[in-house]
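Q: Please take a close look at the sheet of this protein chain and at what lies around it. A connected account for a reader at the bench would be welcome.

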Amino acid sequence: MDKGAIEGVGVKDDITRVEQAVNNRATKEDVVGVKTRQDKLTLAAAALCLSGKVSYWDDRYTKDPEPFDWYQRYSGIKDLVAAQMKHEDNVLMLGCGNSRLSEDMLEDGFTSITNIDISRVVIDQMIERHKDKPALVWQRMNAMALEYPDESFDAAVDKGTLDSLMCGEGASANVAKMCMEVSRVLKPNGVYLVISYGAPDSRLKYLQSDDYSWTVSVATLPKPAISAAAIPDTKDASAVHYVYLCRKGGTAEEGG
Ligand SMILES: C[S@@+](CC[C@H](N)C(=O)[O-])C[C@H]1O[C@@H](n2cnc3c(N)ncnc32)[C@H](O)[C@@H]1O
């Protein structure tokens, strides 16, 4: 799909339909028909799905350098993070984009967060934006080929990155590669937190592989764009994001 088609889409309404289109490997027609609520970047995911080009992200961050958090801000996941991770943990942020998650975690007391992204553009922007925060390290790196030694992190956080790998060509193989790498760099009993729009039937088959023997549990979070009063039931897939708590050995409830 060419970028022009995405840019031409109205940008105000119905993220859910775009997400479903992304999940189902949408055709150009699926996405163009959407009237969006607020989220140009969800359309960007559709574009990535359809183009399969990682250079899409460089282009996106060049045109839109303002901080943006996919799905949830830190406030939305803070309780889950607190239950699974400790402030002194050595944390790996996978596919950081220009999210404020790492700076919010730093503000909350975390002391060491290494942020990687495939986009050179966004990494350069984040190095410049956070040059006064030495506890935040920024490196251009492919999550499928991590350049870190085995067992170097206590925790890895992924908000939207596994979802983006689920799009392009070779999705299953790419997700498996990233999971293998995350498993390799996590310390024993380390945790991998995946924040995703994907329901368990589309995600657990990747996360519960025997290759990395994680203990996986699932939590849901209300989507912030929808008021609490509008959510009658958190099992309604359209009203929630999913958090996959993957513990390397042990049980996913451990930590904190
Ligand atoms: C949906 S955005 C999420 C950004 C951010 N985590 C957030 O929550 O706002 C996905 C991010 O993953 C990055 N990404 C995609 N494939 C990647 C890969 N193979 N390795 C590292 N980063 C990747 C993209 O550049 C993009 O910044």
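A: A residue is counted here as buried if 20 or more other C-beta atoms lie within 10 Å of its own, and as exposed if 12 or fewer do. The model is a predicted one. By this count, 41% of the 256 residues of the protein chain are buried. The chain holds 11 helices and seven strands. Among its contacts with a separation of 6 or more, 70% join residues 24 or more positions apart.

The sheet itself is open and has seven strands, in the order S3-S2-S1-S4-S5-S7-S6, and its pairing is mixed. The edges are formed by strand S3 (136-140) and strand S6 (214-222); each has a single partner strand, so one side of each is left without a neighbour in the sheet. On average, and with direction ignored, neighbouring strands of this sheet are turned by 20 degrees against each other. Strands of a sheet pair through backbone hydrogen bonds, in either a parallel or an antiparallel sense. One parallel pair is strand S1 (residues 90-94) with strand S4 (residues 153-159), which are joined over four bridges. Within this pair, Met93 has Val157 of S4 as its bridge partner.

Two helices may now be set against these strands. Helix H8 (residues 120-129) lies across strand S2 (112-117) and S3, and runs at about 155 degrees to S3. Helix H6 (residues 74-84) has Ile77, Val81 and Gln84 as its buried residues. Seen down the axis of H6, these buried residues fall within an arc of 60 degrees, so they line one face of the helix. An α-helix has 3.6 residues a turn, so residues three or four places apart point the same way. The buried residues of H6 pack against strand S5 (186-196), S6 and strand S7 (240-248). On the other side of H6, Ser75 and Asp79 are exposed.

There remains the surrounding of the ligand. Its shell comprises 21 residues, of which Gly95, Gly97, Ser99, Lys159 and Gly160 come nearest. The elements that give two or more residues to this shell are S2 and helix H9 (161-165). H9 supplies the largest share, three residues. By type, the residues of the shell divide into 10 nonpolar, eight polar and three charged. Strand S2 thus appears in two settings: helix H8 lies across it, and it gives residues to the shell around the ligand.

How values were computed:
Residues are numbered from 1 along each chain as its sequence is written. This is a predicted model: local features need pLDDT of at least 70, side-chain atom pairs count only at pLDDT 80 or more; totals for chains, interfaces and linings use all residues. Two strands pair if DSSP finds at least two bridges between them. Axes are lines fitted to C-alpha atoms, for helices over the stretch in contact, and angles run from 0 to 180 degrees between N-to-C directions. Two residues are in contact if their C-beta atoms, placed from the backbone, lie within 7 Å. A residue is near a molecule or strand if its C-beta atom, placed from the backbone, lies within 6 Å of it. Ala, Val, Leu, Ile, Met, Phe, Trp, Tyr, Cys and Pro count as nonpolar, Asp, Glu, Lys and Arg as charged, and the others, Gly among them, as polar. The arc is that of the directions from the helix axis to the C-beta atoms.
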